[in-house]
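Subject: Handing over a model with its ligand

Hi,

Here is the model I promised to pass on to you. Please have a look at it first, and then read my notes below.

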Amino acid sequence: MIQAPKGTKDILPEDSYLWQWLEEIMRSEALLAGYSEIRTPVFEHTELFQRGVGDTTDIVQKEMYTFLDKGKRSITLKPEGTAGVVRALIENRLYANAQPTKVYYLNCPIFRYENPQSGRLREHHQFGMECFGAPHPTAEAELIVLLINILNKLGLSELSVNINSIGCKNCRPKYYEKLLEYLKAHSNELCPLCNERMERNPLRVLDCKEEKCGRIAKNAPLIIDYLCDECSEHFAFFKQLLESSDVPFKVDPFIVRGLDYYTKTVFEIIMQTDREGLALCGGGRYDYLVEELGGPDMCGVGFGLGMERILMELKNKNVPLPEAPKPTVYVINISKEDLPSAFKITRELRNNGISADCDHLSRSMRAQFKFANKLSVSYVLMVGGDEAKRGAARLRDMATGEEKEILISDISEYILNGGEK
Ligand code: HAM
């Protein structure tokens with residue numbers, strides 16, 4: 001028996017309608033704020049992520065699904081959504097349009113070779129939003145406000161919005177000096193990989209998932225204490241915007257994020273009750289990425305939200321969820337001879353925008369009724385018998401048990417009017 005690869009999940013009909021519900025809410029909020037959808041390929045040249053996400057990150061060093069294609073090109077399945085969007089922005093010259101450029105992606109498959117455990121998959125899906133060409137902190141504040149709206153609409157409250165600033169090219173060198181000094185003094189307590197990447201990118205040590213590195217990271221100097229005036233002002237204004245939008249937040253100076261491209265603002269949203277600290281979403285500003293990938297000097301800011309994690313939280317918290325859609329009408333054929341007529345009526349109902357189904361298994365009338373009950377349909381329409389001779393059929397309202405004869409030509413109107421003609 002072939003099983004699904006470790007860390008992947010089938011989305012079955014019992015859940016897929018919930019995905020569609022999430023998508024609907026996310027899409028409508030994004031559209032309200034002027035974001036348009038972008039779809040980029042599932043795979044890209046490996047170099048895009050090495051340069052974009054950073055070759056000292058855990059994602060690039062340990063987690064990418066990379067392979068040579070038949071043309072011997074190194075290809076990688078998207079380990080995150082932003083780099084592909086930036087590549088598309090540059091390649092399609094979207095930067096030449098009036099700015100800002102606001103895009104979102106929905107249900108974007110993301111692949112990371114992680115240790116599968118609760119909330120960590122090897123294939124997961126993200127809803128993400130990216131805003132380019134907007135240097136002002138209103139851009140990141142807008143994203144946070146949107147996220148809170150979406151999560152609240154889904155029924156998730158008790159959220160913790162954790163923010164930090166990780167500075168820019170001006171303030172980082174001084175901070176890196178201090179951090180490196182501290183890390184070197186603890187090098188024998190750090191994992192071999194951190195020892196290796198410490199000189200090239202000391203910030204990455206603070207993000208290492210190894211427990212011993214985590215202990216050292218706890219007492220390391222913090223970037224927030226070394227921000228230049230511009231970054232401090234940016235962060236202060238960002239906080240002011242959140243306050244005036246009534247979004248409670250917490251400054252968490254330990255957030256550094258696991259991707260190299262961030263500058264200034266970074267943020268994560270987690271459930272207040274989550275002991276594992278699994279973020280529902282993470283994001284931040286990335287003011288150099290477009291240029292580093294060969295585009296013009298153009299800033300960016302965005303977030304990625306894990307769709308599976310949202311669904312997991314909704315279920316954990318027993319949030320009331322929408323009911324699965326079901327057909328409105330089940331069209332029963334009283335005898336085998338009535339099947340063509342039942343089949344035709346089913347089609348007519350569907351053409352009139354009424355969801356309907358009929359028998360496909362040559363079942364007896366009793367078995368068809370039993371199946372209609374299982375489907376929890378609102379109406380059963382019995383086609384055949386004396387009623388058929390009069391161009392009519394019997395309609396049963398399954399909620400009240402009430403039955404009535406009704407002309408076939410009137411059925412759609414009757415149902416669309418909620419049972420009244
Ligand atoms: P990220 O924090 O790596 O950021 O991922 C974003 C979200 O994806 C996480 O908060 C989490 O909900 C979900 N996620 C991540 N890894 C997994 C996993 N293995 N299994 C299930 N869910 C997962 C990014 O990917 C950035 N590209 C976000 C961004 C967009 N920053 C700026 N723009």
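What follows is what I found around the ligand and in two of the sheets.

This is a predicted model, in which local features need pLDDT of at least 70, side-chain atom pairs count only at pLDDT 80 or more, and totals for chains, interfaces and linings use all residues. Residues are numbered from 1 along each chain as its sequence is written, and side-chain values use heavy atoms, with hydrogens and water left out.

Let me start with the ligand. It is surrounded by 26 residues (a residue is near a molecule if one of its heavy atoms lies within 4 Å of it), and the closest are E80, E114, L121, R257 and Y262. By class, this shell holds 10 nonpolar, nine polar and seven charged residues (Ala, Val, Leu, Ile, Met, Phe, Trp, Tyr, Cys and Pro count as nonpolar, Asp, Glu, Lys and Arg as charged, and the others, Gly among them, as polar).

L121 places a backbone N or O atom 2.8 Å from a nitrogen atom of the ligand. Side chains take part too: an N or O atom of R112 is 2.9 Å from an oxygen atom of the ligand, and one of Q126 is 3.2 Å from an oxygen atom of the ligand. Of the 660 Å² of accessible area that the ligand has on its own, the protein covers 96% (Shrake-Rupley method, 1.4 Å probe).

Strand 6 (123-132), strand 10 (281-285) and strand 11 (300-306) each supply at least two residues of the shell, and strand 11 gives the most, with four. Helices (H or I, at least four residues) and strands (E, at least two) are DSSP runs, numbered from the N terminus.

These strands belong to an open sheet of eight strands with mixed pairing, in the order 1-5-6-11-10-9-7-8 (two strands pair if DSSP finds at least two bridges between them). Its edges are strand 1 (36-37) and strand 8 (250-251). Strands 6 and 11 run antiparallel, joined by seven bridges, and F132 has G300 as its bridge partner.

The other open sheet has five strands, ordered 13-12-14-15-16, again with mixed pairing. Strand 13 (356-358) and strand 16 (403-407) are at the edges. Strand 14 (residues 379-383) pairs with strand 15 (residues 392-397) in the antiparallel sense over four bridges, where M382 stands opposite R394.

Best wishes

Terms used: A polar contact is a pair of N or O atoms within 3.5 Å; within protein, one must be able to donate a hydrogen and the other to accept it, and residues adjacent in sequence count only if both atoms are side-chain atoms.
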